Amino acid sequence: MSTNGGSGGGGSVVLYMNDFSHFSKKVAIGLLEKKVDYKAHAIDLKESEQMSRWFLEMNPIGEVPVLKHGDTVVCNSSPILEYVFCAFSSAI
Ligand SMILES: N[C@@H](CCC(=O)N[C@@H](CS)C(=O)NCC(=O)O)C(=O)O
């Protein structure tokens, strides 16, 4: 069922994010713009979920957002947006 706006095939897309994080929102807007079908996985910052072992294995700095696309993991909102804009062609 996972489809996206073009050439960015190769696995499902998961955005590890938090609703109160404007860095997460910035990435969500980019994904929306590129019409990427993604799953949002909320990280509970109040419970320090970003410091859990499984999350630190993706991002040792312990911050959201993190994007996972198949086996590819990208951290930090600006590099994530660069990745999204390169990996997914626009449907428009
Ligand atoms: N430079 C990072 C900043 C990300 C960031 O500051 N994330 C905050 C939420 S807005 C965070 O995860 N904080 C967790 C913590 O401080 O433990 C980016 O652009 O993504």
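Leaving aside its neighbours within four places in sequence, which residues is V84 in contact with? In this predicted model, V84 is in contact with G30, L31, K34 and V36 once those sequence neighbours are set aside. The legends below take up the fold, the sheet, the helices, the core and the ligand in turn.

**View 1. The overall fold combines 3 helices and 4 strands.** Followed along the sequence, these elements appear in the pattern β-α-β-α-β-β-α. The protein has 92 residues, of which 30% count as buried. Among the contacts with a separation of 6 or more, 67% are made by residues that are 24 or more positions apart in the sequence.

**View 2. The 4 strands form an open sheet in the order β2-β1-β3-β4, with mixed pairing.** The edges of this sheet are strand β2, residues 39–42, and strand β4, residues 72–75, each of which pairs on one side only. From one strand to the next, the twist averages 20°. As background for reading this view, strands of a sheet pair through backbone hydrogen bonds, and they may do so in either a parallel or an antiparallel sense. Here, strand β3, residues 66–69, pairs with β4 in the antiparallel sense over 4 bridges, and within this pairing L67 has V74 of β4 as its bridge partner.

**View 3. Helices α1 and α3 pack on the sheet.** Helix α1, which covers residues 22–33, touches β1 (13–17) and β3, and the direction of the helix makes about 155° with that of β1. Helix α3, which covers residues 77–87, touches β3 and β4, and the direction of this helix makes about 135° with that of β4.

**View 4. The largest nonpolar core has 18 residues.** Those with the most contacts inside this core are L15, L67 and V84, and the elements that give two or more residues to the core are β1, α1, β3 and α3. In soluble globular proteins, nonpolar side chains tend to be buried together. The residue from the opening question, V84, therefore belongs to this view as one of the residues with the most contacts inside the core.

**View 5. The ligand is surrounded by a shell of residues that includes S21, F23 and L45.** Further along the sequence, the residues around the ligand include Q50, then G62, E63, V64 and P65, and finally N76, S77 and S78. By type, the residues of this shell divide into 4 nonpolar, 6 polar and 1 charged.

How values were computed: Residues numbered from 1 in each chain as written. Predicted model: local features only at pLDDT ≥ 70, side-chain atom pairs only at ≥ 80, totals over all residues. Buried ≥ 20, exposed ≤ 12 C-beta atoms within 10 Å, placed from the backbone. Contact = placed C-beta atoms within 7 Å. Pairing = 2+ DSSP bridges. Axes fitted to C-alpha atoms, helices over the stretch in contact; angles between N-to-C directions. Core = buried A, V, L, I, M, F, W, Y, C linked by C-beta atoms within 7 Å. Near = placed C-beta within 6 Å. Nonpolar A, V, L, I, M, F, W, Y, C, P; charged D, E, K, R; others polar.
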